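Please examine the following protein model and work through its sheets, helices and charged pairs.

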Amino acid sequence: MRKNQIWLIIVGLTITIISAIYLKAPLAEQEGFLAEIEVDSTFFQLPTLYYGYPIDSFDIVEGKVRWNQNLSEILSAFNISFQDIHTLAQNAREVYDVRKLKAGASYAIIHNRDSLRTARQFIFEPSPTEYVVYNLVDTIYAERQQKPVEVKERTLAAEINSSLYNSLMDLGASPILVHRMVDVFAWQVDFFRIAKGDKFKLVFEEETVDGEVVGIRNIKGAYFEHWGKSYYAIPFETEEKLDFFDEEGNSLRKTLLKAPLDYTRISSRFSLKRFHPVQKRYKAHLGTDYAAPTGTPIRTVGDGVVLEARYHGGNGNYVKIKHNSNYTTQYLHMSKIERGIRPGTTVKQGQTIGYVGSTGLANGPHLCYRFWKNGRQVDALKVDIPSSGGIDSTQIANFKVVSDSIRNVLDQINFEPQEKLLAKIPTQSDDLPTQ
(Lines give C-alpha, C1' and ligand atoms only; values in the text may rest on other atoms or scores of the structure.)
Protein backbone atom coordinates (compact mmCIF):
# COMPACT_ATOMS: atom_id res chain seq x y z
CA MET A 1 0.00 0.00 0.00
CA ARG A 2 2.80 2.41 0.96
CA LYS A 3 4.62 1.66 -2.31
CA ASN A 4 1.48 2.58 -4.30
CA GLN A 5 1.15 5.89 -2.46
CA ILE A 6 4.78 6.75 -3.29
CA TRP A 7 4.18 6.04 -7.00
CA LEU A 8 1.06 8.22 -7.01
CA ILE A 9 3.03 11.09 -5.47
CA ILE A 10 5.81 10.73 -8.08
CA VAL A 11 3.31 10.70 -11.01
CA GLY A 12 1.47 13.73 -9.60
CA LEU A 13 4.69 15.74 -9.24
CA THR A 14 5.76 14.82 -12.78
CA ILE A 15 2.47 16.06 -14.29
CA THR A 16 2.67 19.28 -12.27
CA ILE A 17 6.23 20.06 -13.46
CA ILE A 18 5.43 19.36 -17.16
CA SER A 19 2.28 21.54 -16.99
CA ALA A 20 4.19 24.42 -15.44
CA ILE A 21 6.86 24.28 -18.16
CA TYR A 22 4.24 24.14 -20.93
CA LEU A 23 2.22 27.07 -19.56
CA LYS A 24 5.33 29.26 -19.34
CA ALA A 25 6.38 28.47 -22.91
CA PRO A 26 5.75 31.13 -25.57
CA LEU A 27 2.57 30.79 -27.62
CA ALA A 28 4.53 30.20 -30.84
CA GLU A 29 6.32 27.25 -29.24
CA GLN A 30 2.95 25.80 -28.13
CA GLU A 31 1.58 26.12 -31.65
CA GLY A 32 4.66 24.42 -33.02
CA PHE A 33 4.21 21.63 -30.50
CA LEU A 34 0.56 21.19 -31.52
CA ALA A 35 1.44 21.28 -35.24
CA GLU A 36 3.64 18.24 -34.76
CA ILE A 37 0.64 16.20 -33.61
CA GLU A 38 -0.75 14.22 -36.56
CA VAL A 39 -4.54 13.90 -36.68
CA ASP A 40 -6.10 10.92 -38.44
CA SER A 41 -8.66 12.59 -40.77
CA THR A 42 -10.62 9.36 -41.13
CA PHE A 43 -11.57 9.66 -37.46
CA PHE A 44 -13.70 12.74 -38.30
CA GLN A 45 -15.32 11.37 -41.49
CA LEU A 46 -19.09 11.87 -41.48
CA PRO A 47 -21.27 8.78 -41.90
CA THR A 48 -23.22 8.13 -45.10
CA LEU A 49 -26.90 8.80 -44.44
CA TYR A 50 -29.88 7.20 -46.19
CA TYR A 51 -33.26 8.63 -45.20
CA GLY A 52 -31.43 9.96 -42.14
CA TYR A 53 -29.95 6.58 -41.12
CA PRO A 54 -26.18 5.82 -41.13
CA ILE A 55 -25.59 2.93 -43.54
CA ASP A 56 -21.80 2.49 -43.79
CA SER A 57 -22.01 -0.81 -41.90
CA PHE A 58 -25.23 -2.02 -43.56
CA ASP A 59 -26.59 -2.92 -47.00
CA ILE A 60 -29.66 -1.61 -48.84
CA VAL A 61 -32.22 -3.34 -51.03
CA GLU A 62 -34.57 -1.15 -53.09
CA GLY A 63 -37.67 -2.21 -54.98
CA LYS A 64 -41.28 -1.53 -55.91
CA VAL A 65 -44.37 -3.11 -54.42
CA ARG A 66 -45.85 -5.71 -56.76
CA TRP A 67 -49.54 -6.19 -57.35
CA ASN A 68 -51.14 -7.98 -54.33
CA GLN A 69 -47.79 -8.08 -52.53
CA ASN A 70 -47.93 -7.59 -48.75
CA LEU A 71 -45.42 -6.68 -46.06
CA SER A 72 -45.00 -10.26 -44.87
CA GLU A 73 -43.91 -11.37 -48.31
CA ILE A 74 -41.40 -8.52 -48.57
CA LEU A 75 -39.84 -8.90 -45.10
CA SER A 76 -39.86 -12.69 -44.84
CA ALA A 77 -36.61 -12.81 -46.85
CA PHE A 78 -34.91 -10.55 -44.30
CA ASN A 79 -35.12 -12.65 -41.13
CA ILE A 80 -38.19 -10.90 -39.70
CA SER A 81 -40.61 -13.19 -37.90
CA PHE A 82 -44.34 -13.17 -38.56
CA GLN A 83 -44.84 -12.15 -34.94
CA ASP A 84 -42.68 -9.03 -35.42
CA ILE A 85 -44.49 -8.23 -38.67
CA HIS A 86 -47.81 -8.52 -36.85
CA THR A 87 -46.51 -6.25 -34.06
CA LEU A 88 -45.32 -3.75 -36.65
CA ALA A 89 -48.71 -3.75 -38.36
CA GLN A 90 -50.42 -3.08 -35.03
CA ASN A 91 -48.01 -0.36 -33.89
CA ALA A 92 -47.96 1.42 -37.27
CA ARG A 93 -51.70 1.49 -37.92
CA GLU A 94 -52.11 5.11 -36.80
CA VAL A 95 -49.11 6.25 -38.89
CA TYR A 96 -49.66 4.27 -42.10
CA ASP A 97 -51.54 1.01 -42.34
CA VAL A 98 -49.23 -1.59 -43.90
CA ARG A 99 -52.28 -3.25 -45.48
CA LYS A 100 -52.49 -0.25 -47.80
CA LEU A 101 -49.14 -0.69 -49.52
CA LYS A 102 -49.76 0.52 -53.07
CA ALA A 103 -48.59 -1.47 -56.08
CA GLY A 104 -45.84 0.36 -57.93
CA ALA A 105 -44.77 2.42 -54.89
CA SER A 106 -41.06 2.46 -53.99
CA TYR A 107 -39.59 0.89 -50.89
CA ALA A 108 -36.15 0.25 -49.38
CA ILE A 109 -34.80 -2.14 -46.74
CA ILE A 110 -31.71 -1.41 -44.63
CA HIS A 111 -30.34 -4.76 -43.40
CA ASN A 112 -27.35 -6.21 -41.59
CA ARG A 113 -24.28 -7.08 -43.65
CA ASP A 114 -24.22 -10.79 -42.84
CA SER A 115 -25.67 -14.07 -44.01
CA LEU A 116 -29.01 -13.56 -42.21
CA ARG A 117 -29.53 -10.08 -43.75
CA THR A 118 -31.80 -9.10 -40.86
CA ALA A 119 -33.84 -6.00 -41.74
CA ARG A 120 -33.35 -2.97 -39.53
CA GLN A 121 -35.63 -0.47 -41.24
CA PHE A 122 -38.30 -0.82 -43.91
CA ILE A 123 -38.90 2.49 -45.74
CA PHE A 124 -41.99 2.99 -47.88
CA GLU A 125 -42.94 5.99 -50.07
CA PRO A 126 -46.74 6.37 -50.22
CA SER A 127 -46.29 9.53 -52.30
CA PRO A 128 -43.43 11.48 -53.93
CA THR A 129 -43.45 14.02 -51.08
CA GLU A 130 -43.34 11.73 -48.04
CA TYR A 131 -41.99 8.46 -46.70
CA VAL A 132 -42.75 6.14 -43.79
CA VAL A 133 -39.99 4.46 -41.77
CA TYR A 134 -40.88 1.17 -40.07
CA ASN A 135 -38.20 0.54 -37.45
CA LEU A 136 -37.45 -3.14 -36.70
CA VAL A 137 -34.51 -2.76 -34.29
CA ASP A 138 -35.20 -2.90 -30.53
CA THR A 139 -38.51 -1.00 -30.31
CA ILE A 140 -40.84 -1.68 -33.25
CA TYR A 141 -42.54 1.52 -34.43
CA ALA A 142 -43.30 3.66 -37.48
CA GLU A 143 -42.88 7.35 -38.22
CA ARG A 144 -43.98 9.47 -41.16
CA GLN A 145 -41.62 12.07 -42.65
CA GLN A 146 -41.95 14.78 -45.30
CA LYS A 147 -39.37 15.21 -48.03
CA PRO A 148 -38.00 18.73 -48.60
CA VAL A 149 -39.99 20.42 -51.39
CA GLU A 150 -38.26 22.95 -53.65
CA VAL A 151 -40.43 25.70 -55.14
CA LYS A 152 -39.35 27.41 -58.34
CA GLU A 153 -41.08 30.13 -60.34
CA ARG A 154 -41.33 29.35 -64.06
CA THR A 155 -42.77 30.97 -67.15
CA LEU A 156 -43.96 29.20 -70.28
CA ALA A 157 -45.40 30.45 -73.57
CA ALA A 158 -46.23 28.76 -76.83
CA GLU A 159 -48.35 28.76 -79.94
CA ILE A 160 -50.37 25.55 -80.10
CA ASN A 161 -49.89 23.32 -83.14
CA SER A 162 -51.89 20.27 -82.04
CA SER A 163 -53.10 20.30 -78.43
CA LEU A 164 -52.46 22.10 -75.16
CA TYR A 165 -51.12 18.86 -73.68
CA ASN A 166 -48.55 18.33 -76.43
CA SER A 167 -47.46 21.97 -76.31
CA LEU A 168 -46.85 21.88 -72.56
CA MET A 169 -45.08 18.51 -72.78
CA ASP A 170 -42.80 19.91 -75.52
CA LEU A 171 -41.83 22.67 -73.07
CA GLY A 172 -40.91 20.14 -70.41
CA ALA A 173 -43.92 20.87 -68.20
CA SER A 174 -45.72 18.39 -65.98
CA PRO A 175 -49.13 16.90 -66.90
CA ILE A 176 -50.29 18.37 -63.59
CA LEU A 177 -49.99 21.82 -65.16
CA VAL A 178 -52.33 20.81 -67.99
CA HIS A 179 -55.12 20.02 -65.54
CA ARG A 180 -54.56 23.22 -63.57
CA MET A 181 -54.68 25.35 -66.70
CA VAL A 182 -57.84 23.62 -67.93
CA ASP A 183 -59.43 24.36 -64.55
CA VAL A 184 -58.55 28.06 -64.83
CA PHE A 185 -60.01 28.56 -68.33
CA ALA A 186 -62.74 25.88 -68.22
CA TRP A 187 -65.46 28.49 -68.73
CA GLN A 188 -63.78 30.41 -71.56
CA VAL A 189 -62.06 27.76 -73.67
CA ASP A 190 -63.40 24.52 -75.13
CA PHE A 191 -60.21 22.48 -74.92
CA PHE A 192 -61.63 19.87 -77.28
CA ARG A 193 -61.92 22.50 -80.00
CA ILE A 194 -58.42 24.00 -79.74
CA ALA A 195 -57.51 25.69 -83.03
CA LYS A 196 -54.06 25.60 -84.55
CA GLY A 197 -52.58 28.99 -83.74
CA ASP A 198 -54.18 29.33 -80.30
CA LYS A 199 -51.64 30.67 -77.80
CA PHE A 200 -50.98 30.70 -74.08
CA LYS A 201 -48.66 32.26 -71.50
CA LEU A 202 -48.14 31.16 -67.92
CA VAL A 203 -46.37 32.29 -64.78
CA PHE A 204 -46.50 29.63 -62.07
CA GLU A 205 -44.74 28.07 -59.09
CA GLU A 206 -43.60 24.49 -59.57
CA GLU A 207 -42.92 22.08 -56.68
CA THR A 208 -40.19 19.46 -57.05
CA VAL A 209 -38.85 16.69 -54.84
CA ASP A 210 -35.53 15.08 -55.80
CA GLY A 211 -35.82 16.77 -59.20
CA GLU A 212 -39.30 15.33 -59.89
CA VAL A 213 -42.29 17.65 -60.33
CA VAL A 214 -44.83 16.80 -57.64
CA GLY A 215 -47.23 19.72 -57.85
CA ILE A 216 -48.12 23.22 -58.97
CA ARG A 217 -48.31 25.51 -55.95
CA ASN A 218 -49.72 28.62 -57.61
CA ILE A 219 -50.61 29.91 -61.03
CA LYS A 220 -49.53 33.54 -60.65
CA GLY A 221 -50.92 34.72 -63.97
CA ALA A 222 -52.12 33.28 -67.26
CA TYR A 223 -53.17 34.32 -70.76
CA PHE A 224 -54.98 32.32 -73.43
CA GLU A 225 -55.76 33.31 -76.99
CA HIS A 226 -58.56 31.10 -78.36
CA TRP A 227 -60.10 31.51 -81.82
CA GLY A 228 -58.75 35.05 -81.96
CA LYS A 229 -60.17 36.11 -78.58
CA SER A 230 -57.88 36.95 -75.65
CA TYR A 231 -58.41 35.94 -72.03
CA TYR A 232 -56.39 36.96 -68.98
CA ALA A 233 -56.50 35.04 -65.70
CA ILE A 234 -55.63 37.17 -62.67
CA PRO A 235 -55.50 35.35 -59.30
CA PHE A 236 -56.93 37.38 -56.44
CA GLU A 237 -58.03 36.41 -52.95
CA THR A 238 -61.46 37.65 -51.96
CA GLU A 239 -63.18 37.16 -48.62
CA GLU A 240 -64.34 33.73 -49.77
CA LYS A 241 -61.22 32.23 -51.40
CA LEU A 242 -58.54 32.61 -54.06
CA ASP A 243 -60.14 32.75 -57.50
CA PHE A 244 -59.33 33.89 -61.03
CA PHE A 245 -60.70 37.03 -62.66
CA ASP A 246 -60.36 38.84 -65.97
CA GLU A 247 -58.57 42.17 -66.18
CA GLU A 248 -61.76 44.05 -65.29
CA GLY A 249 -62.42 42.04 -62.15
CA ASN A 250 -65.11 39.68 -63.52
CA SER A 251 -64.88 36.10 -62.33
CA LEU A 252 -63.66 33.56 -64.87
CA ARG A 253 -65.86 30.98 -63.15
CA LYS A 254 -68.98 30.88 -65.24
CA THR A 255 -72.24 29.38 -64.11
CA LEU A 256 -71.92 26.45 -66.56
CA LEU A 257 -69.14 24.34 -68.08
CA LYS A 258 -68.46 24.49 -71.81
CA ALA A 259 -68.84 20.74 -72.37
CA PRO A 260 -70.45 17.95 -70.28
CA LEU A 261 -67.86 15.24 -71.00
CA ASP A 262 -64.52 14.36 -72.55
CA TYR A 263 -65.64 13.64 -76.09
CA THR A 264 -64.06 12.33 -79.28
CA ARG A 265 -65.82 14.69 -81.67
CA ILE A 266 -69.05 16.59 -82.22
CA SER A 267 -70.99 14.22 -84.48
CA SER A 268 -74.04 16.42 -84.96
CA ARG A 269 -74.83 20.05 -84.16
CA PHE A 270 -77.97 21.93 -83.26
CA SER A 271 -80.17 22.17 -86.36
CA LEU A 272 -83.76 22.95 -87.24
CA LYS A 273 -83.58 20.45 -90.09
CA ARG A 274 -81.36 17.40 -89.90
CA PHE A 275 -81.65 13.94 -91.51
CA HIS A 276 -82.23 11.53 -88.62
CA PRO A 277 -79.90 8.50 -88.98
CA VAL A 278 -82.41 6.08 -87.38
CA GLN A 279 -85.80 7.43 -88.48
CA LYS A 280 -84.45 8.22 -91.98
CA ARG A 281 -86.25 11.54 -92.30
CA TYR A 282 -85.55 15.22 -91.83
CA LYS A 283 -86.52 16.72 -88.50
CA ALA A 284 -85.26 19.31 -86.02
CA HIS A 285 -82.27 18.29 -83.91
CA LEU A 286 -82.43 20.59 -80.90
CA GLY A 287 -79.20 19.45 -79.28
CA THR A 288 -75.48 18.82 -79.71
CA ASP A 289 -74.25 15.25 -80.18
CA TYR A 290 -70.89 14.40 -78.61
CA ALA A 291 -69.43 11.11 -79.86
CA ALA A 292 -67.56 9.24 -77.11
CA PRO A 293 -66.88 5.62 -76.08
CA THR A 294 -69.56 3.76 -74.17
CA GLY A 295 -69.12 4.28 -70.44
CA THR A 296 -67.51 7.72 -70.68
CA PRO A 297 -68.60 9.71 -67.58
CA ILE A 298 -71.12 12.50 -68.23
CA ARG A 299 -70.93 15.46 -65.86
CA THR A 300 -73.46 18.15 -65.08
CA VAL A 301 -72.31 21.48 -66.48
CA GLY A 302 -73.46 23.38 -63.41
CA ASP A 303 -74.99 23.27 -59.95
CA GLY A 304 -78.67 22.47 -59.99
CA VAL A 305 -81.59 20.21 -59.12
CA VAL A 306 -82.53 17.07 -61.05
CA LEU A 307 -85.95 17.43 -62.68
CA GLU A 308 -86.06 14.05 -64.43
CA ALA A 309 -83.92 10.90 -64.42
CA ARG A 310 -85.45 7.94 -66.25
CA TYR A 311 -85.84 5.95 -69.44
CA HIS A 312 -88.26 7.29 -72.07
CA GLY A 313 -88.75 6.31 -75.72
CA GLY A 314 -86.33 7.88 -78.17
CA ASN A 315 -84.41 9.65 -75.41
CA GLY A 316 -83.32 6.39 -73.80
CA ASN A 317 -81.86 6.88 -70.33
CA TYR A 318 -81.67 10.61 -69.69
CA VAL A 319 -81.27 13.22 -66.96
CA LYS A 320 -82.70 16.75 -66.98
CA ILE A 321 -81.33 19.42 -64.62
CA LYS A 322 -82.60 22.90 -63.72
CA HIS A 323 -79.65 25.17 -62.90
CA ASN A 324 -81.43 28.44 -62.17
CA SER A 325 -84.38 30.48 -63.38
CA ASN A 326 -82.70 30.91 -66.79
CA TYR A 327 -80.92 27.66 -67.65
CA THR A 328 -81.89 23.98 -67.91
CA THR A 329 -79.88 21.15 -69.48
CA GLN A 330 -80.67 17.59 -70.57
CA TYR A 331 -78.42 14.58 -71.22
CA LEU A 332 -79.75 11.76 -73.46
CA HIS A 333 -78.97 8.17 -74.57
CA MET A 334 -77.03 7.20 -71.42
CA SER A 335 -75.95 3.59 -71.00
CA LYS A 336 -76.94 4.04 -67.37
CA ILE A 337 -77.78 6.81 -64.92
CA GLU A 338 -75.41 7.29 -62.00
CA ARG A 339 -76.57 5.80 -58.71
CA GLY A 340 -78.35 8.34 -56.52
CA ILE A 341 -79.37 10.61 -59.39
CA ARG A 342 -83.14 10.98 -59.13
CA PRO A 343 -85.74 13.80 -59.28
CA GLY A 344 -85.12 16.31 -56.51
CA THR A 345 -81.43 15.43 -56.10
CA THR A 346 -79.09 18.43 -55.77
CA VAL A 347 -75.99 18.16 -57.99
CA LYS A 348 -72.74 20.09 -58.12
CA GLN A 349 -70.92 21.36 -61.18
CA GLY A 350 -68.72 18.62 -62.66
CA GLN A 351 -70.50 15.80 -60.79
CA THR A 352 -70.96 12.57 -62.74
CA ILE A 353 -74.65 11.97 -63.48
CA GLY A 354 -74.44 9.09 -65.97
CA TYR A 355 -72.43 7.36 -68.67
CA VAL A 356 -72.34 7.51 -72.45
CA GLY A 357 -74.42 4.87 -74.26
CA SER A 358 -76.75 4.37 -77.21
CA THR A 359 -80.15 3.78 -75.59
CA GLY A 360 -83.27 5.08 -77.31
CA LEU A 361 -83.11 6.26 -80.92
CA ALA A 362 -79.33 6.16 -81.38
CA ASN A 363 -77.15 4.30 -83.86
CA GLY A 364 -73.92 4.57 -81.87
CA PRO A 365 -72.55 5.65 -78.47
CA HIS A 366 -72.89 9.40 -77.98
CA LEU A 367 -74.41 12.04 -75.73
CA CYS A 368 -77.17 14.31 -77.03
CA TYR A 369 -76.81 17.47 -74.95
CA ARG A 370 -79.79 19.84 -74.89
CA PHE A 371 -79.91 23.35 -73.53
CA TRP A 372 -82.79 25.65 -72.52
CA LYS A 373 -82.44 29.38 -71.99
CA ASN A 374 -85.45 31.19 -70.57
CA GLY A 375 -87.63 28.22 -71.44
CA ARG A 376 -86.55 27.95 -75.08
CA GLN A 377 -84.22 25.33 -76.55
CA VAL A 378 -81.12 26.97 -78.03
CA ASP A 379 -77.71 25.97 -79.41
CA ALA A 380 -75.50 25.30 -76.38
CA LEU A 381 -72.36 26.12 -78.37
CA LYS A 382 -73.59 29.65 -79.09
CA VAL A 383 -74.81 30.62 -75.63
CA ASP A 384 -72.85 33.43 -73.98
CA ILE A 385 -72.83 32.27 -70.35
CA PRO A 386 -72.60 35.19 -67.89
CA SER A 387 -69.92 35.39 -65.20
CA SER A 388 -70.76 34.13 -61.72
CA GLY A 389 -69.59 37.32 -60.04
CA GLY A 390 -66.74 39.79 -59.68
CA ILE A 391 -64.52 41.79 -57.36
CA ASP A 392 -66.36 43.69 -54.66
CA SER A 393 -66.25 47.48 -55.03
CA THR A 394 -64.32 47.78 -51.75
CA GLN A 395 -61.48 45.69 -53.21
CA ILE A 396 -61.44 46.86 -56.82
CA ALA A 397 -58.62 49.39 -56.30
CA ASN A 398 -56.32 46.73 -54.82
CA PHE A 399 -57.29 44.32 -57.56
CA LYS A 400 -56.44 46.84 -60.29
CA VAL A 401 -52.88 47.21 -58.94
CA VAL A 402 -52.39 43.44 -58.98
CA SER A 403 -54.10 43.06 -62.37
CA ASP A 404 -52.01 45.76 -64.06
CA SER A 405 -48.78 44.29 -62.73
CA ILE A 406 -49.60 40.72 -63.82
CA ARG A 407 -50.78 41.83 -67.25
CA ASN A 408 -47.56 43.82 -67.71
CA VAL A 409 -45.50 40.72 -66.91
CA LEU A 410 -47.56 38.49 -69.21
CA ASP A 411 -47.44 41.00 -72.06
CA GLN A 412 -43.63 40.98 -71.95
CA ILE A 413 -43.44 37.22 -72.48
CA ASN A 414 -42.79 36.21 -76.08
CA PHE A 415 -44.35 33.11 -77.58
CA GLU A 416 -41.11 31.14 -77.44
CA PRO A 417 -40.30 27.87 -75.72
CA GLN A 418 -37.51 29.41 -73.65
CA GLU A 419 -37.95 29.96 -69.95
CA LYS A 420 -37.53 33.57 -68.80
CA LEU A 421 -36.71 35.24 -65.50
CA LEU A 422 -39.27 37.84 -64.57
CA ALA A 423 -39.69 40.42 -61.90
CA LYS A 424 -41.70 39.38 -58.87
CA ILE A 425 -45.44 39.59 -59.32
CA PRO A 426 -46.91 41.41 -56.32
CA THR A 427 -49.53 39.68 -54.23
CA GLN A 428 -52.31 41.13 -52.17
CA SER A 429 -49.98 41.07 -49.16
CA ASP A 430 -47.55 43.50 -50.84
CA ASP A 431 -47.87 47.27 -50.47
CA LEU A 432 -51.17 48.26 -52.00
CA PRO A 433 -53.22 51.44 -51.73
CA THR A 434 -55.82 51.43 -48.97
CA GLN A 435 -59.40 52.52 -49.36
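The questions and answers below treat selected features of this model in turn.

The model is predicted, so local features need pLDDT of at least 70 and side-chain atom pairs count only at pLDDT 80 or more, while totals for chains, interfaces and linings use all residues. Residues are numbered from 1 along each chain as its sequence is written, and side-chain values use heavy atoms, with hydrogens and water left out.

Q: Which strands stand at the edges of the open sheet with the order β8-β9-β10-β11-β12?
A: This open sheet has five strands with antiparallel pairing; two strands pair if DSSP finds at least two bridges between them. Strands (E, at least two residues) and helices (H or I, at least four) are DSSP runs numbered from the N terminus. Two of the strands have a single partner strand each, so one side of each is left without a neighbour in the sheet: β8 (150-159) and β12 (242-245).

Q: Which residue is the bridge partner of glutamate 237 in β12?
A: Strand β11 (residues 229-237) pairs with β12 in the antiparallel sense over four bridges. Within β12, the bridge partner of glutamate 237 is leucine 242.

Q: At about what angle does helix α6 run to β10?
A: Helix α6 (residues 175-184) lies across β8, β9 (199-209), β10 (212-226), β11 and β12. Axes are lines fitted to C-alpha atoms, for helices over the stretch in contact (heavy atoms within 4.5 Å). Angles run from 0 to 180 degrees between N-to-C directions. The angle of helix α6 to β10 is about 40 degrees.

Q: What angle does the direction of helix α7 make with that of β11?
A: Helix α7 (residues 396-411) packs on the sheet and touches β9, β10, β11 and β12. Its direction makes with that of β11 an angle of about 130 degrees.

Q: By how many degrees are neighbouring strands of the sheet β3-β4-β5-β6-β7 turned against each other on average?
A: This is an open sheet of five strands with antiparallel pairing. Its edge strands, β3 (58-64) and β7 (141-146), each pair on one side only. With direction ignored, the average turn between neighbouring strands is 20 degrees.

Q: Is glutamate 130 buried or exposed?
A: The side chain of glutamate 130 meets that of arginine 144 in a salt bridge at 2.9 Å, N to O; the term requires a side-chain nitrogen of Lys or Arg within 4 Å of a carboxyl oxygen of Asp or Glu. Buried means under 20% relative accessible area, exposed over 50% and partly exposed in between, with a 1.4 Å probe and protein chains only. Arginine 144 is partly exposed at 37%. Because its relative accessibility is 12%, glutamate 130 counts as buried.

Q: Where does arginine 253, the salt-bridge partner of aspartate 243, lie?
A: The two side chains meet at 3.5 Å, N to O. Aspartate 243 is in strand β12, 10 residues apart from arginine 253, which lies in the loop between β12 and β13 (265-268).

Q: Why does lysine 400 count as partly exposed?
A: The side chain of lysine 400 meets that of glutamate 248 in a salt bridge at 3.3 Å, N to O. Lysine 400 is in helix α7, and glutamate 248 is in the loop between β12 and β13, 152 residues apart. Lysine 400 is partly exposed because its relative accessible area is 30%.

Q: What relative accessible area does histidine 333 have?
A: Histidine 333 is placed in strand β20 (residues 327-337). Beyond its neighbours within four places in sequence, its contacts include Gly314, Val356, His366 and Cys368. Histidine 333 is buried, with a relative accessible area of 5%.
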